[in-house]
Amino acid sequence: MQDVNTETGFIEAPPRVNEWRRFSRVFFQRKLVIFGLVVLTLMVISAIFAPWLAPYDPYVGNLDDSLAQPSWKYLLGTDIGGRDTLSRLIYGARTALIVGFVTTVSAAIVGTVLGLVAGFFGGIINMVIMRAMDALMGFPMLLLALLISAVLGSGIQNVIIALSVATLPGYARVMHGLTLSVRENDYIMAERAMGANNLRTMLSHILPNTLPPMIVLVTLQLGTIILAEAGLSFLGIGIRPPGAAWGSMVYDGYRFLISNPLLSFAPGLAIMLVVFAFNMVGDGLRDALDPRLRGIL
Amino acid sequence: MITYIIRRLFIGIIVLIIVTLIVFFAMRLLPGDPLTIFIGQQGASGTMSEAQKEALRHEYGLDKPIMMQYFSWFGGLFTGDLGTSIYYHEDVGKLLGKRFPITLHLGLLSFVIANLVGILLGLFAGIRRGTWIDATSTTLANIGITIPQFWLGILLIYSLGLKLHLLPIYGYTSPFDDLWMSTKQLIMPVACLAVTERSVIIVHALKNSLIPVITLMGLGLGMVFGGAVLVETVFAIPGIGRLLVNSVFAQDYVVVQSGTLVIAFIVIISNLLVDISYGWLDPRIRYG
């Protein structure tokens, strides 16, 4: 297949199949990326099949077995309510994934639209949107989420709303910058000269050209969101027991650090592994999709 | 240069005003009006007559139109009158004034240590690029940005505090009272904050150093304040972060409002200074 092109003497863009091969070669080359993929696969499996994988009910425990040490009956022991730690860890993967994905997707969509509109139209629209984003960025992420949670109360939806608002300006800012640079390309001018309207130019020409960096940003943000959700739940503001969230499990176990250290060690390790995995896969994606993004994202 | 500074200051002021709007209206969206919460806190909900409630509402200025309330609150920011905490029964300005130095002590110490170590290690790894030193420091830095600060704190408490009995596991003593005790108490919290911040610097520095060190420092300041909320909770340090979390639980909206505002102001003003110094160091920015 490759020979056909080279025989004509054109040194044009390489055929598509090579692009995919180049991507997978760079992507799968690193051991840490593979490690990340394995961790994430395990996490997704335990999130989806939690009811079949978890040996016990994660929400209702047996009070007779309160604070049991690890044994063959309870592999990782139980908490104060006699709930099995392993089962709660498995269900916690579900919580972390739901919060991570829903938050990232909603923040990315709203942020992308705001950044695109601001960058494309410029002027007063740009001024209003971007200054509002600057203002949101002035709050440390956890504090903004704390402020919003104070208003909305705890629970999974409110955590998602709080973290979406807190991370939205990041997407808007990156998208704004990308739009400004893509907008200056000749093909956009050609498109405009042929009479394309604003909406068409934005959606079918600017947006697709900003996708690779945005995909990388989304992957890297997933880890940050999971870490922030764990932080909020640790503070008791996010997801509260009996809801299974890794952050609140660490906090609950903290009280029994001397007698049952595993209660807070195990969920903390789970948070760290998953965040590490998302960051490694995100880095790998960045280098494979567009190496020039190194240093920007 | 003057035009650049004026332009940046102007934008900075607009951003600060938007921040006050966000904070004020976010807290007014609270379900139920603040007065109901206040009365509930006093345990007097049943005993109070409508007229008494009305009098209280008038006293706290809650009967005025919302925009008027905003302006009087905004005016209060300049005179240092931030209102009274309904939970601590204390002037919010004074309350923040007591807690803030503690967070500042913790934060600045972490900030200085993180930047010193971060720059040194970043430089070293940069010079020896591609060697095992580079690989090890990158991996360690990646672990540093992924480890939950509160969990790192717990690991330290368990190992250095509970098992080895080397360091006190909680509390805060002013350095003016007992410098040695104060230092011992801050070692673990500072380590938690500094490890995360330093790691961010190294990871970014290794990604080609396109983001200059001062920008990272500005970013680091926000991280220190965000992280302080968690670290102060783990080590029971009575700083501003702990105050904010407690106030969220107590629905003490005046404290949450003012505390968040103060921190956002500090972060935005320091970023503004970073921007200005940046324009000074690199003339291309000024005309960009």
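**Exercise 1. Place B:Thr196 and decide whether it is buried or exposed.**

Solution. Start with the element. B:Thr196 lies in helix H8 (residues 179-206) of chain B. Bear in mind that this is a predicted model.

Next, look at the surroundings. B:Thr196 has 26 other C-beta atoms within 10 Å, so it is buried. The cut-off for that label is 20 or more.

Now list the partners. Leaving out residues up to four places away in sequence, B:Thr196 touches B:Gly144, B:Ile145, B:Gln149, B:Met223 and B:Gly227.

Two of these names lead to another helix. B:Gly144 and B:Ile145 are among the buried residues of H6(B).

Finish with a distance. B:Pro238 is 42 residues from B:Thr196 along the chain, and their C-alpha atoms are 21 Å apart.

**Exercise 2. Compare the span of helix H6 of chain B with the expected span, and name its buried residues.**

Solution. Count first. Helix H6 (residues 132-146) of chain B has 15 residues. At 1.5 Å a residue, the expected span is 21 Å. From first C-alpha to last, the helix reaches 21 Å, close to that expectation.

Then turn to burial. The buried residues in H6(B) are B:Ser137, B:Ala141, B:Asn142, B:Gly144, B:Ile145 and B:Thr146.

One rule helps in reading such a list. An α-helix has 3.6 residues a turn, so residues three or four places apart point the same way.

**Exercise 3. Examine the positive phi values of B:His89 and B:Ala236.**

Solution. Recall the background. Most residues other than glycine have a negative phi.

Take B:His89. Its phi is positive, about 50°, although the residue is not a glycine. B:His89 sits in the loop between helix H4 (66-79) and helix H5 (92-127) of chain B. It counts as exposed because it has 9 C-beta neighbours inside 10 Å.

Take B:Ala236. Its phi is also positive, near 50°, and again the residue is not glycine. The loop between helix H9 (213-234) and helix H10 (240-249) of chain B holds B:Ala236. With 11 other C-beta atoms within 10 Å, B:Ala236 is exposed.

**Exercise 4. Describe the fold of chain A.**

Solution. Count the elements. Chain A has 12 helices and zero strands.

Get the extent. The C-alpha atoms of chain A fill a box of roughly 75 × 55 × 30 Å along the principal axes.

Check burial. Of the 297 residues in chain A, 46% are buried.

Then sort the contacts. Consider those in chain A with a separation of 6 or more. Residues 24 or more positions apart account for 66% of them.

**Exercise 5. Describe the side of chain A that touches chain B.**

Solution. Count both sides. Chain A puts 37 residues in contact with 40 residues of chain B.

Find the elements. On the side of chain A, two or more residues come from each of helix H6 (123-137), helix H7 (141-152), helix H10 (198-235), helix H11 (246-254) and helix H12 (262-289) of chain A. H7(A) gives the most, with eight residues.

Sort by class. This side of chain A has 27 nonpolar, seven polar and three charged residues.

**Exercise 6. Judge the confidence of the prediction.**

Solution. Begin with the complex. The predictor gives an ipTM of 0.83 and a pTM of 0.85.

Go on to chain B. Its mean pLDDT is 79, and 83% of its residues reach 70 or more. Among the elements of chain B, helix H7 (residues 149-163) has the highest mean pLDDT, 91. Helix H12 (residues 283-287) of chain B has the lowest, 60.

Apply the general caution. Where pLDDT is low, the predicted coordinates should not be read in detail.

Terms used:
Residues numbered from 1 in each chain as written. Chains lettered and ligands numbered in written order. Predicted model: local features only at pLDDT ≥ 70, side-chain atom pairs only at ≥ 80, totals over all residues. pLDDT = per-residue confidence, 0-100. Helix = DSSP H or I, 4+ residues; strand = E, 2+ residues; numbered from the N terminus. Buried ≥ 20, exposed ≤ 12 C-beta atoms within 10 Å, placed from the backbone. Contact = placed C-beta atoms within 7 Å. Nonpolar A, V, L, I, M, F, W, Y, C, P; charged D, E, K, R; others polar. Expected span 1.5 Å × (residues − 1).
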